[in-house]
Amino acid sequence: MSEYFSNIKIGATTIATGMAITFRHFLNAVKRKGDAGIDDADYFKQVDGLCTLQYPREVVPTPTIGRYRLYNDIEDCIGCCQCERACPVECITIETIKTTADDLAACGKTSGGQQKRFWVPVFDIDVAKCMTCGICVSVCPTDCLVHSPVADFSEFDVKNMMYHYGNLSKIEAEAKKRKLDEEKAAKEKAAAEAIARGEAPAAKPKPAPGPMPEGGQAGE
Amino acid sequence: MSQSISLNTWSDALSGFNLGWFPLGLVIVAAVPLVFIALYALTYGVYGERKISAFMQDRLGPMEVGPWGLLQTLADILKLLQKEDIVPTAADKFLFVIGPLIMFVGSFLAFVVLPFGPAFIGADLNVGLFYAVGIVALEVVGILASGWGSNNKWALYGAVRSVAQIVSYEIPASIALLCGAMMAGTLSMQQFCVAQSGPYGFMHYYLFSNPIAWLPFLIYFIASLAETNRAPFDIPEAESELVAGFFTEYSGMKFAMFFLAEYGSMFMVSGIISIVFLGGWASPLPNIGSFALNTMTSGPAWGAFWIIMKGFFFIFVQMWLRWTLPRLRVDQLMYLCWKVLTPFAFVAFVLTAVWEIYK
């Protein structure tokens, strides 16, 4: 019989305790829970208040060292294709066209002052495939390929996950290709004429050991 | 009962109003509680419950449709109206269709004796309380019809549990209400309120003027939770065990009718408990000396305000309990009813009788 009454007593007190807790939360719903992160000392002290983030309008800031969507600053890209080769999932596609001698000035220099020697008509990153491992970023000689802090880039069509960073349109690329072909043909013609005149063919410059003349990382 | 209150003036005037042969006034009298249920279920019932539950769980609740999500319920209703009204092939068509109707009618019929203030009541029956207790039990038939007619194991289990629960909890609930009836010496809902109104406001309420009334009050409140299938007694529609209980197979407007019936009976039991123990439409504010606060806050419109506010308060407590307590097991539910509430209800009954004789 005493157990019967003690059960009722336990039931009543636990219900009262529980209702006090929920009512406290109800009253505290006018407040927002603090912004303290897990690293802050008072993280576990801020238990009351609304903790919903209304996502598109409010976001948790992405950490500065985080790896999110890739971004390529094509102005600094020298078209070395190291990122393409480094990528384990082959999500980067690059096509390059060698710059002709008279175009070197038009092709410009990187922000580090390095002469660019390639047009990059195609620099596509399929971010749907990208696993954000960051290897491409670590091999980039000019630091033009970086992880941006953009974390939400969902799309309705998977085709839109292909990001195009190329700096030439198709027509321009066509023109540059033709120009390069003409220059090559002219060189070959000159070489053939030189042979015909009995001169020794110009020795091809051997690849220089050590760092490339432009600096940066050693080519493979 | 000190001052003479002219009862039922509005509803009497309305019921005498005919448009040719058509008793338009009576239709309006019947429509008032219906419109009230719909509006209250729309605003306080659905939106309020979602917001209250959200705040108790540190969430925000609906925020997207309209400012603070105020139009969320309208969007939900639009969705419910557009939904296909599915009747399963293997279901018993008649029972399946009639189930939600019986349930809604059962919950709505009880509003006949609920006084919306001293001037308005559907019908001031002299057995009003008895009628209310009896007619609410009609819901059981609707639940059983829809559970059996669905031809679904979850629905059937939900219906069986629901019927067992409601029928058992009728007993402590009725005995607790009988204590109130003994205090008032009447079964008429209007006379309950009249007996508890007076110049000292809430001091005339049985809960505060009678030293035993808290016990039947508490018993009836707990039993009413079980009768309306509210948590922690929501085992007939236990989501984690029975999908949705007896209305698993329902969709569209039939589903919405279950909702309306549930919110209707929630207000009904809250109304009954506030009438029997908390004075119904009687103002809780006392007259302080010459400052006649009670007289100022009495009257037909104030009466409607007070009874609706008291009802809303108890609905808030019901929601508060729902978001605090976990669901009971079936055997715990029956233990609570037969071994705790029923004996205590009898004790309260005897104590009230003794008090009423020797006070």
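## Helix crossing and nonpolar cores in a predicted two-chain model

In this predicted model, the axes of helix α1 (residues 2-27) of chain A and helix α2 (residues 24-56) of chain B come within 7 Å and cross at roughly 105 degrees, the axes being lines fitted to C-alpha atoms over the stretch in contact, with angles running from 0 to 180 degrees between N-to-C directions. That makes α1(A) roughly perpendicular to α2(B), a term for angles of 65 to 115 degrees. Helices are DSSP runs (H or I, at least four residues) numbered from the N terminus. Residues are numbered from 1 along each chain as its sequence is written, and chains are lettered from A in the order in which they are written. Local features need pLDDT of at least 70, side-chain atom pairs count only at pLDDT 80 or more, and totals for chains, interfaces and linings use all residues.

Where the helices meet, A:Thr22, A:His25 and A:Phe26 face B:Ile52, B:Phe55 and B:Met56, contact requiring C-beta atoms, placed from the backbone, within 7 Å. The contact between the chains takes 15 residues from chain A and 12 residues from chain B. The classes compare as follows, with Ala, Val, Leu, Ile, Met, Phe, Trp, Tyr, Cys and Pro as nonpolar, Asp, Glu, Lys and Arg as charged, and the others, Gly among them, as polar.

| Set | Nonpolar | Polar | Charged |
|---|---|---|---|
| Contact of α1(A) with α2(B) | four residues | two residues | no residues |
| Side of chain A that touches chain B | eight residues | six residues | one residue |

The largest nonpolar core has 95 residues, and B:Tyr220 and B:Phe277 are among those touching the most other members; such a core joins buried Ala, Val, Leu, Ile, Met, Phe, Trp, Tyr and Cys residues through C-beta atoms within 7 Å, buried meaning 20 or more other C-beta atoms within 10 Å of a residue's own. Helix α12 (residues 252-278) of chain B gives the most to this core, with 15 residues.

Conventions
Buried ≥ 20, exposed ≤ 12 C-beta atoms within 10 Å, placed from the backbone. Contact = placed C-beta atoms within 7 Å. Parallel < 35°, antiparallel > 145°, perpendicular 65-115°, else oblique.
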